[in-house]
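This report covers an interface, one chain's fold and a set of charged pairs. Please keep the sequence and the model open alongside the text.

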Amino acid sequence: MMSTLLDVQNLWVRFPTRNGVFDAVRGVSFTLGRERLGIVGESGSGKSMTGRAILRLIRSPGIVEADQISLEGQDLMKLSEKDMRAVRGQRISMVMQDPKFSLNPVMTIGDQIIEAYRLHNSASKADAYNKSLEMLEAVSIRDAERVMRAYPHEMSGGMGQRIMIAMMLIPNPEILIADEPTSALDVSVQRQVLDIMDKLVKERGMGLIFISHDLNLVADFCDRVLIMYSGRIVEVCDADKLHEAKHPYTRGLLNSLPRLDAPRERLEVLERDPQWSEAPSVSGSE
Amino acid sequence: MAETQTMREWLLAETPTSRRHAKISALYQGWLSFRSNTMAMIGLGILVLLVFIAAAAPLLSPHDPFVQDLGNRLAPLGTDGHIFGTDSLGRDILSRLIYGARITLYIVALVALIAPIAGLLVGTVSGYVGGWTDTVLMRITDIFLAFPRLVLALAFVAALGAGIENAVLAISLTAWPPYARIARAETLTIRSSDFISAIKLQGAGPLRIITKHIWPLCISSLIVRVTLDMAGIILAAAGLGFLGLGAQPPSPEWGAMISEGRRFILDYWWVATMPGLAIFTVSLAFNLLGDGLRDVLDPKAGE
Amino acid sequence: MALTEDNNQRRPTRAPLTDQVWPFLRTTMLTLGSIAVTLLGLLFITFVIGRVMPIDPVLAIVGERASQETYDTVYLQLGLDKPLMVQFFYYLWDVLHLDFGTSLLNARPVSEDIARVFPATLELATIGIIFGVVLGVPLGVLAAVRKGSWIDQIARVVALVGYSMPIFWLGLMGLLVFYGILGWVGGPGRVGIFYVDVVPSVTGLILVDSLLDGNWDVFKDAFSHIILPASLLGYYSLAYVSRMTRSFMLEQLSAEYITTARVKGMSEWDVVWKHAFKNIRVQLITVIALSYANLLEGSVLTEIIFSWPGIGSYITTALLSADMNAVLGGTVVVGLIFILLNILSDLLYKVFDPRAK
């Protein structure tokens, strides 16, 4: 058993609405070591909310409750907002879906990366600049000096996402949450971005939470997979054994995907069983 | 569906049984969400009251608004028989306010009819026909938008002569361009939609398409805008009245009443204060109503 | 890894000079062209208004008792025998030379009159806009950041009252309370009668002139006179600016890059001011320019209430005495300022938004 970086127990995310309280995440528990953990689910399954709740980024009126979210033994739920800020970026970071929206359009890329670095390191501007250049080169961006002066709208999607990765890894966090990091990208560059991310995460011995709706991608890329359905974890399995998954929802998802090695006349349509959302959450702890 | 269905259930049915049912049901749900907006309901209440007051003015007003009583000039608030006091000619202020509601409603109703219709015409033609017509019409719209509205209205009234009708005309002339813009934008999106192509294939001409299919779809965004503009119209009309360019004496127009009371403001403050409060209340009511309507009809535009 | 193609995408290459200059020239010409058309339209409207006036311009000059001969001479002098389009051309020519004709009231050139009264309006509107922006922008930002809180409610009430209150009435009430009852401020006019024309007029802005002259008494008196009308205009600008700031900020605060900034571990204060606010600067400039233009217009009614000798008073007085040259001159000048402010905000837009290049 590997050392546990993050231990989430009984996590709930609630949103009060006009028609009563909506539970987006309902009692999710899992642990994360220095591994690549995939969270898969359809939109609305609560997978993104889980990622944001760990960083305590759910804004009011949303409510986050958990028995604990402990980062190497320190319970994040008990931290003040100020202490939480020291955790964000420096210890846990996040890459979001679309670099078109997740980079500030009126600041140069250099300013944004330097800012991320200097928030947690008291470095001089020149040092931060050099460090940022290094980091951009680490995500395979050539001509980094020009990119530092450029604005986000001048970048392609693939470059934007690599810049995001550089920016989020520059304070050297222990955990990276990647929330659909390649869904907005061209298929042709998805793999490159994933490889770069993978390389950096491995080199630094980080834990990665990879949130995606793409079952095949997660099976390929992660070590372990949590399958979420309507706010709960319905199944946990090792990524290489995903095709042996037992839960009918996972099976349904697998069967609704076209496969080259097993061509079929018609793909199956997922039949939903209301019982799935009633059943208690499976624990994703190791 | 059970036969013992209540009216409410029928209105809230998830699967409408006819197109009319669907329409009425949508209206009812809009009304429900509007009703939960307290401020908007207050606004609506004030306006309903205003219409009632204007309609029943002769019954409600304690005095004739035009009868002068020079022996009882500038009587203070709470004077026997004159709750709001009297003006410089001894006329009962309350009665004048009540009759003034008619003028305010008259002006607002006329402008709210003329300006959006003119804007709708210009906007839909411009958007539907396109090309040079569009360029020319939009250029004209821009020119009118470039003018400061009150100053333009002033210049118009100066040219046409003072009076309520001319004030209405002047305000309408300065109010139509935004409606034209909205109607054009809506037309452009509707024009390229599939159902318009389908209607064209059935042989409908431009006139039929514009009047039967484009206009009805522009209405809801125009209504929101008109309601939000009502307050501005009232304030503009009052401003013209205040300058002596709107309703002429002895007409009990609220802006003109303030202008009259202005001369005695330091000693007899209520003469100018009361009509001002009336203007404020009514335009506030329109603003509250407009905000509420926008939330119901056009949720995207709300903050 | 083959990353090169991606790196080459959308690279802002240095194009040959001509390629950079031509689009620039083209947009500039188009902008200038549309400004010219707008101006022409504005002048045409004022011209038409002047022609449909139920006042005989000749009679207005020569008087009721002039002989038919004099009447005819003046008629020809004014070019009234020419076709309408020719007359419009004459009118254009004059306006381009800043000649708005002579005022029928005091027989002086209208342009001189306007140059004399305009600084008073400028002074009033400028202090008003400063007031509105300094208070309105922070109020709008706070209202957005603390949406639904008491400060948001205050911002809402401020805006509602501003949108619903007749400005001339609020001005009267202000005079009644702060001048009539409390005596805290000076009354109508720019300065008390003892201080009229005491300091030499250099800029026409009396606060500046009195400072240049070192005359503190005049400055204090002028300040006590301007504070009430300027706050009044400022209040209307505050209502508008704060409301717009709030809705711009709400839009930005829900953007994804704000989450990025929070993920980085920034304090909420920095997230709001360094990230979100930077993104609304451009929109704010437009709103402020528009609000400033509206203040120049709003000053028409305010100036009357406070007997402020500015362009608003000038136009209205001229209007009531059927001095059409003065009315049209004033209208053209105000319209011009409107257009200029629009152009200015467009230009600033291009400076502040990296995407607009």
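Chain B and chain C bury about 3800 Å² between them, and 79% of that area is on carbon and sulfur atoms. Buried area here is the accessible area, taken with a 1.4 Å probe, that two parts lose on being put together, summed over both. The size of an interface is often given in this way, as accessible area lost when the parts come together.

The model is predicted: local features need pLDDT of at least 70, side-chain atom pairs count only at pLDDT 80 or more, and totals for chains, interfaces and linings use all residues. Residues are numbered from 1 along each chain as its sequence is written, chains are lettered from A and ligands numbered from 1 in the order in which they are written, and side-chain values use heavy atoms, with hydrogens and water left out.

**The interface of chains B and C**

Chain B brings 40 residues to the contact and chain C brings 47 residues. Contact means heavy atoms within 4.5 Å. The rule finds zero salt bridges across this interface. A salt bridge is a side-chain nitrogen of Lys or Arg within 4 Å of a carboxyl oxygen of Asp or Glu. Polar contacts do occur: six residue pairs, both partners at pLDDT 80 or more, cross between chain B and chain C. A polar contact is a pair of N or O atoms within 3.5 Å; within protein, one must be able to donate a hydrogen and the other to accept it, and residues adjacent in sequence count only if both atoms are side-chain atoms.

On the side of chain B that touches chain C, helices H6 (131–146), H7 (149–160), H10 (206–242), H11 (254–262) and H12 (270–297) of chain B each supply at least two residues. H12(B) gives the most, with eleven residues. Helices (H or I, at least four residues) and strands (E, at least two) are DSSP runs, numbered from the N terminus.

Helix H6 of chain B also holds B:Thr141. B:Thr141 is buried, at a relative accessible area of 0%. Buried means under 20% relative accessible area, exposed over 50%, and partly exposed in between (1.4 Å probe, protein chains only). Beyond its neighbours within four places in sequence, B:Thr141 is in contact with B:Val122, B:Trp176, B:Pro177, B:Ala180 and B:Arg181.

**The fold of chain C**

Chain C has 14 helices and zero strands. Of its 357 residues, 50% count as buried. Chain C exposes about 17700 Å², with carbon and sulfur atoms supplying 67% of it. Accessible areas come from the Shrake-Rupley method with a 1.4 Å probe. Among contacts in chain C between residues at least 6 apart in sequence, 69% join residues at least 24 apart.

An unreviewed UniProt entry lists residues 118–349 of chain C as "domain: ABC transmembrane type-1". The unreviewed entry also gives "transmembrane region" for several stretches of chain C, among them 29–49 and 125–145. Such annotations may be inferred rather than shown by experiment. The table sets out three of the annotated ranges.

| Residues of chain C | Helix | Strand | Distance between end C-alpha atoms |
|---|---|---|---|
| 118–349 | 80% | 0% | 27 Å |
| 29–49 | 100% | 0% | 30 Å |
| 125–145 | 100% | 0% | 29 Å |

**Salt bridges**

How many salt bridges does a search of the whole structure find over all chains? It finds 33.

In one of them, A:Glu72 pairs with A:Arg34, with the closest N and O atoms 3.9 Å apart. The two sit 38 residues apart: A:Glu72 is in the loop between strands E5 (68–71) and E6 (74–75) of chain A, and A:Arg34 is in the loop between strands E2 (20–32) and E3 (36–40). A:Glu72 is partly exposed at 41%, and A:Arg34 is partly exposed at 44%.

A:Glu72 also forms a salt bridge with A:Arg91, at 3.0 Å between the closest N and O atoms. A:Arg91 lies in the loop between helix H2 (81–87) and strand E7 (92–95) of chain A, 19 residues from A:Glu72. A:Arg91 is buried, with a relative accessible area of 18%.

A:Arg146 and A:Asp143 form another salt bridge, their closest N and O atoms being 2.8 Å apart. A:Arg146 is buried at 16%, whereas A:Asp143 is partly exposed at 37%. Salt bridges that share partners join A:Arg34, A:Glu72, A:Arg91 and A:Glu174 into one network.
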